[in-house]
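Student: Got a minute to go through this model with me? I'd like to start with the inside and work outwards.

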Amino acid sequence: QEEYFSTVKKDSLRVFTSDGVEASVVIEGSALSYLTSNNHFDYRTLSIQDKTFILNRTVEVEEQPVPAFTENLAGTVIVNSVQYSADYSVTLAGSKVTYKTFAADSDENEKVNVTEILTQLKTKLDALNKPVTITVLDISMEIASTNGAGFTLDVVGGRNNLALESFQDNVRDASEIPNRSVEGRLVRVDNSTSDEDDYYLKYSTAIKAWEESRAPDVSPGLVNSTMPHELISTAANEFTFKEVEWNDRLVGDIITSPSPSFVGLTINNLFFTDNRLGFLSGPNVVMSRASAYENFFVKSALTQIDSDPIDLNTNSTIPSNLVHSLPVPQGVILFSNRQQFLMSANDSIYTPTDTYIRQISNYEVDEDISPVDLGTYQIFIQKTLGYCKVMVMQIPDINQPPSVIDISKVVAEWIPPNID
């Protein structure tokens, strides 16, 4: 098995074999600009198979800018019913056009159909010379702005005034949306008066169907240059260092698909457990979607599933800044500067609904020296002004407090405080 060592400092990454031979490292793009510190304590690494994530603890995670959004750039007109001798009216940007269908006893009564109604309305609307494009489909007509300005849309039709229907940015229920539309047509489905059950549908002509999509006024996702990067082994003694293609938010809005809590903060450490990549940031633990290490957004805004990301807070009364983690059989031990927590889950399967964190002890922990798991117990360092303590923690059971012993007291004050 090949074994390599790496050195990381500002604008520099080098890899060596166990024999001291320097390996080749290809730098993609501006990946080195992520390495901004000469202090080795500012970096953390995590290897998963042939990939090593490299974290710079001083870089604040950013999101992509929220796109500019203008309301009512599109509108849909739907024919609900076809009636003889009936007026069908569309008011577009304050201008009204009307088409009256033929009578039942007319020689042209065969023209009383959906296509004829929509085509005649389109002809009259085109004559208004409004800055829009109009597309006639099976039972509907799509209107789209061509100058980036929103427009108003109102319709009325039939003897009961219900033969025509229209909507623009949103509908109450998905059943109000016609089966066909134009490429990229985006609609918000409100469901109820609550914002927590809204979702978005976008029409794709490639699959000839509506598919769940992202809100137009929410950040598309994370800025890759501010997130951990990856060092990949591509061949013997050959590596590539590059930005990770962190998955974008594909569905929902800021409520139904919230940003991970590390956005706007620095990430202190990373870990891997239960087929999820985890980050520690302030008092928060954020884990990726199961089997999708680069994805920290939900799969669907319609329902929460077990593989969705997990985002938890320690909820401690003492300010806690999580700096270390150790996956153990009972869960994941989380170390802050002054407290320890255990993250565990019902049936030992981490899901958004069954994962929880509880405080288990209150010991100071050195932020720079990582704890070590020795199977049945864990060791961490506690520094004082004049010396270091070596503490051993053992968790007998998931619901019992840990046993913590200072095993260095037999040589009290012998270990200097400046070890790293």
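**Core first**

Tutor: Sure. This is a predicted model. Its largest nonpolar core has 30 residues, and those with the most contacts inside it are Leu 35, Met 227, Trp 246, Phe 262 and Phe 279.

Student: Which elements give two or more residues to this core?

Tutor: Those are strands E2 (12–17), E4 (43–48), E5 (51–56), E18 (238–243) and E20 (276–281).

Student: And what is Leu 35 in contact with, leaving aside its neighbours within four places in sequence?

Tutor: Its partners include Val 8, Leu 13, Tyr 43, Ile 54 and Phe 241. Charged side chains turn up too: Lys 9, Lys 10 and Asp 11 are also in contact with Leu 35.

Student: What lies apart from that core?

Tutor: Another core, this one of 21 residues, with Tyr 88, Leu 125, Ile 134 and Phe 151 among them.

Student: OK, zooming out. How many helices and strands are in the protein chain?

Tutor: The chain has 1 helix and 30 strands.

Student: Is the chain spread out or compact?

Tutor: More spread out than a compact globule, because its radius of gyration is 30 Å, well over the 22 Å that the globule rule gives for 420 residues. Along the principal axes, the C-alpha atoms fill a box of roughly 110 × 50 × 35 Å.

Student: What share of the residues is buried?

Tutor: Buried residues make up 45% of the 420.

Student: Last one, charges. How far apart are the mean positions of the positive and negative ones?

Tutor: They are 4 Å apart, counting 30 positive and 57 negative charges.

Key
Residues are numbered from 1 along each chain as its sequence is written. This is a predicted model: local features need pLDDT of at least 70, side-chain atom pairs count only at pLDDT 80 or more; totals for chains, interfaces and linings use all residues. Side-chain values use heavy atoms; hydrogens and water are left out. Helices (H or I, at least four residues) and strands (E, at least two) are DSSP runs, numbered from the N terminus. The radius of gyration is taken over C-alpha atoms; the globule rule is 2.2 Å times the number of residues to the power 0.38. Buried means under 20% relative accessible area, exposed over 50%, partly exposed in between (1.4 Å probe, protein chains only). Lys and Arg count as positive and Asp and Glu as negative; His and the chain ends are not counted. The place of a charge is taken as NZ of Lys, CZ of Arg, CG of Asp or CD of Glu. A nonpolar core is a set of buried Ala, Val, Leu, Ile, Met, Phe, Trp, Tyr and Cys residues joined through side-chain atoms within 4.5 Å. Contact means heavy atoms within 4.5 Å.
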